[in-house]
Amino acid sequence: MTEKKQTVEVKAPKIVQTEQWHGYATKPWLKKDRKKVTVMFNFLERRKSYYLAAYFHRKKIKFIDMGDHVKEDVTYGKLYGNRMECNPMYFTSGSMIRNLLKIEKETGLSKKEICNRYIFLCGGGQCGPCRYGMYPQEYLKVANEAGFKDFRVLIFSSDLGRTPDSKNHAFKFDLQFRIEMGIALILADLMHAAEVALRAYALNKAEAEAALDKADRMIRKAFESRLYWWKIPAALKKIGQMFAAIPRRDEQLPLIYVTGEFFANLAHNDGNYHLRRFITDEGCEVIPGSFTQRTLYDNWRRTVEANRGIRYAKDPEEIKFWKKSLKKQRTSTKVITSIYNKYCDALQPASFRARTELLNLQELADLARKHYHPEIFGGEGNLEIAEAIHLAQEDAVDGFISSKPFGCMPSSGVSDGVQAKVLAMFPELNFLSIETSGDNDVSILSRVSMLLLKAKQRHAQKKESGSQHQEAPVLAVESPEAVSDAAGKEQFA
Ligand code: SF4
C-alpha cells in the first residue's frame, strides 16, 4: 500500500521585511541654532534639576526645568509608550510629553515648530541587561507617537544624536558639564539628607521647611555665580549653621532604612509616593538615599569589569584599553569623593543630625558574595542584599524597606528572590518589599505604616532593655584609591 502524500499550501506573508530596523534617529542640535532652542530637562527629582539649572543660566542657554515627576506622567507614558515597560520609563517619557503638550497649549506653536525650538535632555542607558538600555529609543518612540515627529533628545551616556562633526554641536556632554552635573547631584543629596533629618527631629516643622527653602535658594545663587567653586562651600557653611540653630528633640527615633531600585528609591516625589517624607512625618527617622553612593557603585562596577578585562585580555592592546578604563574610574571616584567630603566639611551635617556617610562598596560586595555574586550587574547589583545583611548583622535599624518599580527585572526579579534567603538567615529583620506603580498609594503606604508600627514597637523594646542604637554603623569609604584598587581583584583568586 502506498502512502498518500499530504501537501500543505504555504502562503507568502503579505508584508516582507527586507531591511533591518535601526530605530529612531535624532538630529543633532547645531551651533547655528543655539539661541533658538530651549533645553527641557529633569532628573529624578526637583532639587537635582533646580541646582543643575545654574549651569544653563551661566551658559546663557534657554531652559525649562521640568522639576518633579507627577502621577499624571505615568498615564502619558503608558498612552504613547510600549507595553510592559518599567514605571521609571513611563514616568520619565510621560513627563516629557506632558511638558511638550503644555508648551503647545501655552504658546500656540505647531508641533513641528516645537520640535525645531525645543530639545529634551535627560539620563538613559544603552547599557546593562535591564530595560534601562531601551530608554533612548523609547523617548523617541513616545514623542513620535504623540505627534512630535523628529523631536530631538540628548541623553547622557548615549551616542544618540552625536555625529562625527561634533565641533558644530551646540551642546556637548563635556568635562565641565559632567563636573557641574556631579556637583548638582551631590548638593541635592546633602540637602535631602538635611531635609529628612530636620523633618524628623525639628520641633517646628514649618520653621524647618522654611529654612530648607531658603537653603535651596542660597545654593542656587552660589551655583549661578562664576565663582561657584568658592561660593558653594561658603553658602553650605552658613546653611549648616542655620540648620543647627533649629530647635529639635533630643531623642533617638525608630530608624528606617530604604533601599531598592534607583528610581523607586531616589525619586523623592510621586515616583515613590514621597516615601522618605512619609516615614519622617510618621515619627521615624529615615536614612537618606544617596545618588552619590549610586554613582560610586557604577564606578566600582566598572572597576571590577576593568580588572577582569586586564586579567583575561588577549593582547597588549586590550590590556591598554582596560587600564585606561581603570584610570578613568579611579579619577572619577576621586573627584566625586573629594567634592562630597569638601561639601560635608562645610555643611557639618552631624551638627543637625543628618546622616551623610558613604558606604564601602568593596566590603558590601564581600558581605553579599555568597548570596549575590558581585559580578552580576544590572540595576542595583548586589547592593540591596549586601545592605540587608550588613544592617541585620549589626541590628542597626528598626525597619528595612526595599522599593522597586512594578516589573523591575533586577530588583523585583532577582534581588527579592535572594532576599528570601537573607530573611531566613535574619528573621528579626523588619523587612518590607514594595512595588511602586505610580498609583495605588493607599495600599502601599498602609503596608509601610504596618512596618513602621512594628519598628516603633521594636524600638520601644530596645529602649527598655537599654540596647537602643544611637548611630547606624557604617562601612565608611576609606579612600577612593583603596576602593578602586580592591574592586574585583579577589573575585578571581
Ligand atoms: S533597574 Fe528595573 S526599573 Fe530600573 S530601568 Fe532596569 S528594569 Fe527598569
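Across the interface of domain 1 and domain 2, 14 residue pairs are in polar contact, both residues at pLDDT 80 or more; that term means N or O atoms within 3.5 Å, where within protein one must be able to donate a hydrogen and the other to accept it, and residues adjacent in sequence count only if both atoms are side-chain atoms. Keep in mind that this is a predicted model: local features need pLDDT of at least 70, side-chain atom pairs count only at pLDDT 80 or more, and totals for chains, interfaces and linings use all residues. Numbering runs from 1 along each chain as its sequence is written, and side-chain values use heavy atoms, with hydrogens and water left out.

**Domain 1's side of the interface**
- α1 (46-58), α2 (71-80) and α3 (87-107) each bring at least two residues to the side of domain 1 that touches domain 2; helices here are DSSP runs (H or I, at least four residues), numbered from the N terminus.
- The largest share of that side, 11 residues, is from α1.

**Layout and contacts**
- Domain 1 covers 31-172 and domain 2 covers 179-492, with bounds from an automatic or database domain assignment.
- In contact terms (heavy atoms within 4.5 Å), 29 residues of domain 1 meet 43 residues of domain 2.

**Salt bridges**
- There are five salt bridges between domain 1 and domain 2, each a side-chain nitrogen of Lys or Arg within 4 Å of a carboxyl oxygen of Asp or Glu.
- Asp441 and Lys71 pair up through their side chains in a salt bridge, at 3.1 Å from N to O.

**Ligand**
- Residues around the ligand (a heavy atom within 4 Å of it) include Cys86, Arg131, Glu261 and Met409.
- Both domain 1 and domain 2 give residues to this shell, so the ligand lies between them.
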